[in-house]
Structures are given as C-alpha cells and as structure tokens.
Amino acid sequence: MLNVKDLRAGYGQVEALRSVDMEVKKGEIVCLIGNNGAGKTTTLMSISGIVKQRSGTILFNGENIIGLPPHKIVAKGISQVPEGRRIFPTLTVEENLRTGAFLKPKLPKEKYEAVYDLFPRLKERRRQLGGSMSGGEQQMLAIGRAIINDPLLLMLDEPSLGLAPQIIDSIFDAIVTLRNGGLTVLLIEQNANLALEISDRAYVMELGRVALSGHSQELTNNNSIQEIYLGRK
Ligand code: ATP
C-alpha cells in the first residue's frame, strides 16, 4: 500500500531524514520506534505532505504522491493523528469530528455513529467543547476525526503520550479494532514494548535512517533491541 524509497527531508540546514526506506502492506500495523530526534515525526509529516520532501519516492497504491499538497494526500486516503492531538478546543466534539471530513459537503449520520461505536465516551460528550475533555478523550477525538473520512491508511504519532495505562489500553484496543475492520496503520510509539506488542512489523530509526526492521516478534527477541529500547538485559 505504502512504499517509501530513499526519502530525504529536513528543515533548513537540518537533514532530518537522510534516506528512509520502508513499506506498509494492506492490513498491517507497522510501527516506527527510535530515540528522540531519530526522524519518526518527520517521516510521517513527509508522507502526509506537511513537511516538504527533498527527494525520493513515496508510492501510495502505486502512485507517487511526492509533491502533492496535504489536502490531496488526504483525499487519496491517508489520514494523520498528530502528536499532541491538536483538536480544536473551542469546537464541540461533534464539530471537531466534522472537521475531519472537510472534503465532503455533507456527512451522513452513520459516520458519526461509527466513531461513537468505537469510542462511546465521545457520544456522551458530543456537545462538550474539545478543550474541556481529558487527555485520553482528546486522543479518542483526534482518532475519531482522522477516521471519519474513511481513510485507507491511518498514521498516528505517539497516541499514548501522557496518558494513564488504562486509557492507553483502550486507545490501543481501538487501533486493533480498526485494523481488524480493514484499516492499515502506521504508528509512532515511544513505548517500544507496547509498539511491538500490537504491531506486525517495526522499523527502528536512528539519525534519519532505518537502522533495523523486521517482524515485531523477532525484534522483541532481539538482544540489542531489548537493551536499547525495551530496557531489559
Ligand atoms: P521525537 O520523538 O522527539 O518527536 P522524532 O524521531 O519524531 O523525535 P523528528 O521530530 O522527526 O524526530 O526530528 C528529526 C530531526 O529534525 C531532529 O534533529 C529535530 O531536531 C529536527 N527537527 C524537527 N522539527 C524541526 C523543525 N520544525 N525545525 C528544525 N528542525 C527540526
């Protein structure tokens, strides 16, 4: 579904991505792990067209999407849940969800219902302002907003950040439910244990490159991964 080859991107003098190669197959959950500053967020931002790619190819269902503006990339079926949720605090839950389908003039009721089935808590709070929701509820809202337009690929940047373990479990359960329903997922996750537990395959990034990749199960058993990222010896 997604095929990234020799992707380079950066900010002014900063070369954040030096040559990234990765792929996500239909129906997979793939995760990106790596230390702070390794280039994980920049990889997602380049795929969604928010950060300008300097070179390389990004094939999405066989079509090169390099250079397309972000709204065209959304229209192709790639949705992103940004780090820090970035919901609209002065809009209600329902209005926030509506912004996720800005490409469609009218949004059928069933689309909201599908989000509410996944996160019943959002239904109870649908008239509440986004800014008054808890961190976990805002994360649910950010995911709801990203899926309301029926994407093919959902990209999430650190959805567990700052959340209590119980809430993290329900967010990750929802991600698995979405995948079981046919969605393909690319996930950045600081918590490598958690990431490897729910994903099929993983890429470990270091200094703007993929340092290691493989099936999540294999990486969980890899000694150097255990020492560096899983805190075990
Ligand atoms: P983190 O987990 O800390 O978010 P990351 O792996 O997602 O790390 P990126 O955020 O992609 O890494 O950062 C990659 C490199 O690009 C880092 O050296 C970072 O300092 C730099 N960088 C990121 N955003 C900007 C920016 N807006 N301007 C300049 N440099 C940036």
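Is helix α1 mostly covered or mostly exposed, and how many of its eight residues are buried? In this predicted model, α1 is mostly covered, with six of the eight residues buried. These buried positions are K40, T42, T43, L44, S46 and I47. The helix spans residues 40-47, and G49, which follows α1, has a positive phi near 85°.

Helix α1 also takes part in the surroundings of the ligand. The shell around the ligand holds 14 residues, of which G37, G39, K40, T41 and T42 come nearest. By class, four residues of this shell are nonpolar, seven are polar and three are charged. Three side chains may be described by their polar contacts with the ligand. In T42, a polar side-chain atom lies 2.5 Å from an oxygen atom of the ligand. For K40, the distance from a polar side-chain atom to a ligand oxygen atom is 2.8 Å. An N or O atom in the side chain of N36 is 3.3 Å from an oxygen atom of the ligand. The ligand taken alone exposes 630 Å², and the protein buries 61% of that area. Two elements, β2 (14-24) and α1 (40-47), each give two or more residues to the shell. The largest share, three residues, comes from α1. K40 and T42 are thus listed both among the buried residues of α1 and among the residues that come nearest to the ligand.

A second region to consider is strand β7. This strand covers residues 153-157 and is mostly covered, five of its five residues being buried. The side chains are divided between two directions: L153, M155 and D157 point one way from β7, whereas L154 and L156 point the other way. Residues of both groups are buried.

Strand β7 pairs with two strands. With β6 (residues 78-81), the pairing is parallel and extends over four bridges. In this pairing, V81 has L156 of β7 as its bridge partner. With β8 (residues 184-188), β7 also runs parallel, and five bridges join the two strands. Here L156 stands opposite L187 of β8. L156 therefore appears in the pairing with V81 and in the pairing with L187. The connection between β7 and β8 involves helix α7 (residues 165-180), and the three elements make a right-handed β-α-β unit.

Methods: Residues are numbered from 1 along each chain as its sequence is written. This is a predicted model: local features need pLDDT of at least 70, side-chain atom pairs count only at pLDDT 80 or more; totals for chains, interfaces and linings use all residues. Side-chain values use heavy atoms; hydrogens and water are left out. Buried means under 20% relative accessible area, exposed over 50%, partly exposed in between (1.4 Å probe, protein chains only). Two strands pair if DSSP finds at least two bridges between them. A crossover is right-handed if, with the strands pointing away from the viewer, the path from the first strand over the helix to the second runs clockwise. A residue is near a molecule or strand if one of its heavy atoms lies within 4 Å of it. A polar contact is a pair of N or O atoms within 3.5 Å; within protein, one must be able to donate a hydrogen and the other to accept it, and residues adjacent in sequence count only if both atoms are side-chain atoms. Accessible areas come from the Shrake-Rupley method with a 1.4 Å probe; for residues, only the protein chains shown count as cover. Ala, Val, Leu, Ile, Met, Phe, Trp, Tyr, Cys and Pro count as nonpolar, Asp, Glu, Lys and Arg as charged, and the others, Gly among them, as polar.
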